[in-house]
Amino acid sequence: MTATQAPDPRDTAGPALVELDGVSKYYGNIKALENVSLEVRAGEISCVLGDNGAGKSTLIKIIAGLHRHDAGTFLIEGEETTLANPRDALDRGIATVYQDLAVVPLMPVWRNFFLGSEPTKGSGPFKRLDVRRMRETTRAELLRMGIDLRDVDQPIGTLSGGERQCVAIARAVYFGAKVLVLDEPTAALGVKQSGVVLKYVAAARDAGLGVVLITHNPHHAYLVGDRFVLLKRGAMSGSHTKQDVTLDELTRQMAGGSELDELSHELERAPAPDHLGGRAPGDDAP
């Protein structure tokens, strides 16, 4: 690399931003996660796929600092870590955007953008919110991500689901996230809005973030993903890079693979017995 070349955010020479190695989580006798590994690197999107009950939510909660793992290792930039709480995760650069989005629908977009981290001006009894700065910053940061809202003063509840997801992504980027965890961001969206959200997920990746995309949709994952981890009943059923798996194979594994083939065989229509052909056995022809 010459002195004039910028470093490639996808350079894999250094440690991963987040790495889980053989992580397990138990609730009494219930194995919520068993020996799961995941690698998240700067400038890449790691997709975690699985149906309901596969363990995706438990994995999110461990990365976000809500739950502690019971076995395995959790590393942040090469350092073994146990997160104490979500604030600890945020301080380490891990931002999580949940499917239901923590927004106040009647508040304007700019207020939701800074919710909990509002800048102020003045001091003492004259201390007050810096509304002008918040409006200007929100508008500028959304534009930087390619999001052109008509008015940042409109209530965030008037935005579409896709637009709200995009605001949450831009907020995480602005507040210095290194790792962005997205919980089923396209689950309740139509085709067009899903495409808009995936565009901004890719924009976060191109900004140098490591992205964890949790989804049950292999088509969405394959459009933007670099790595794929498949979960089934709390265990890994597959781990691939984009170079070593096709969309058809990813979809097949997601759907159950050999189990689906077995089910297809069981459901094949068998020839109808003779007695269902129009007369009972033993009946004489008229």
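L17, V18, I76, E77, R92, I94, K178 and V179 line the largest cavity of this structure, which is a predicted model. Here is a quick tour of that cavity, of one residue in strand β6, and of a pair of packed helices.

**The cavity**
- The structure holds one cavity of 30 Å³ or more.
- The volume of the largest cavity comes to about 30 Å³.
- Its lining is a mix of five nonpolar and three charged residues, with no polar ones.
- Among the lining residues are E77, R92 and K178, and each of these counts as charged because Glu, Arg and Lys belong to that class.

**A95 in strand β6**
- A95 sits in strand β6, which covers residues 94-97.
- I94, one of the residues lining the largest cavity, falls within the range of this strand.
- A95 has a relative accessible area of 10%, so this residue is buried, the cut-off being under 20%.
- Leaving aside residues up to four places away in sequence, A95 is in contact with L90, A172, A177, V179, L180 and V181.
- Between A95 and K178 lie 7.9 Å in space, C-alpha to C-alpha, although they are 83 residues apart in sequence.

**Helices α4 and α5**
- Helix α4 spans residues 131-144 and helix α5 spans residues 161-174.
- Their axes are 10 Å apart and the helices pack at an angle of about 100 degrees, so α4 and α5 are roughly perpendicular to each other.
- On the α4 side, T137, E141, L142 and R144 take part in the contact, meeting V167, A170, V173 and Y174 of α5.
- The residues of this contact divide into five nonpolar, two charged and one polar.

Definitions and conventions: Residues are numbered from 1 along each chain as its sequence is written. This is a predicted model: local features need pLDDT of at least 70, side-chain atom pairs count only at pLDDT 80 or more; totals for chains, interfaces and linings use all residues. Side-chain values use heavy atoms; hydrogens and water are left out. On a 1 Å grid over the protein atoms alone, a cavity is a set of points where a 1.4 Å probe fits but cannot get out, and a pocket is an open set with protein on both sides within 12 Å along at least five of seven lines; lining residues have an atom within 4 Å of a point. Grid points are joined across faces, edges and corners, and a volume is the space filled by probe spheres set on the points. Helices (H or I, at least four residues) and strands (E, at least two) are DSSP runs, numbered from the N terminus. Buried means under 20% relative accessible area, exposed over 50%, partly exposed in between (1.4 Å probe, protein chains only). Contact means heavy atoms within 4.5 Å. Axes are lines fitted to C-alpha atoms, for helices over the stretch in contact, and angles run from 0 to 180 degrees between N-to-C directions. Angles under 35 degrees count as roughly parallel, over 145 as roughly antiparallel, 65 to 115 as roughly perpendicular and the rest as oblique.
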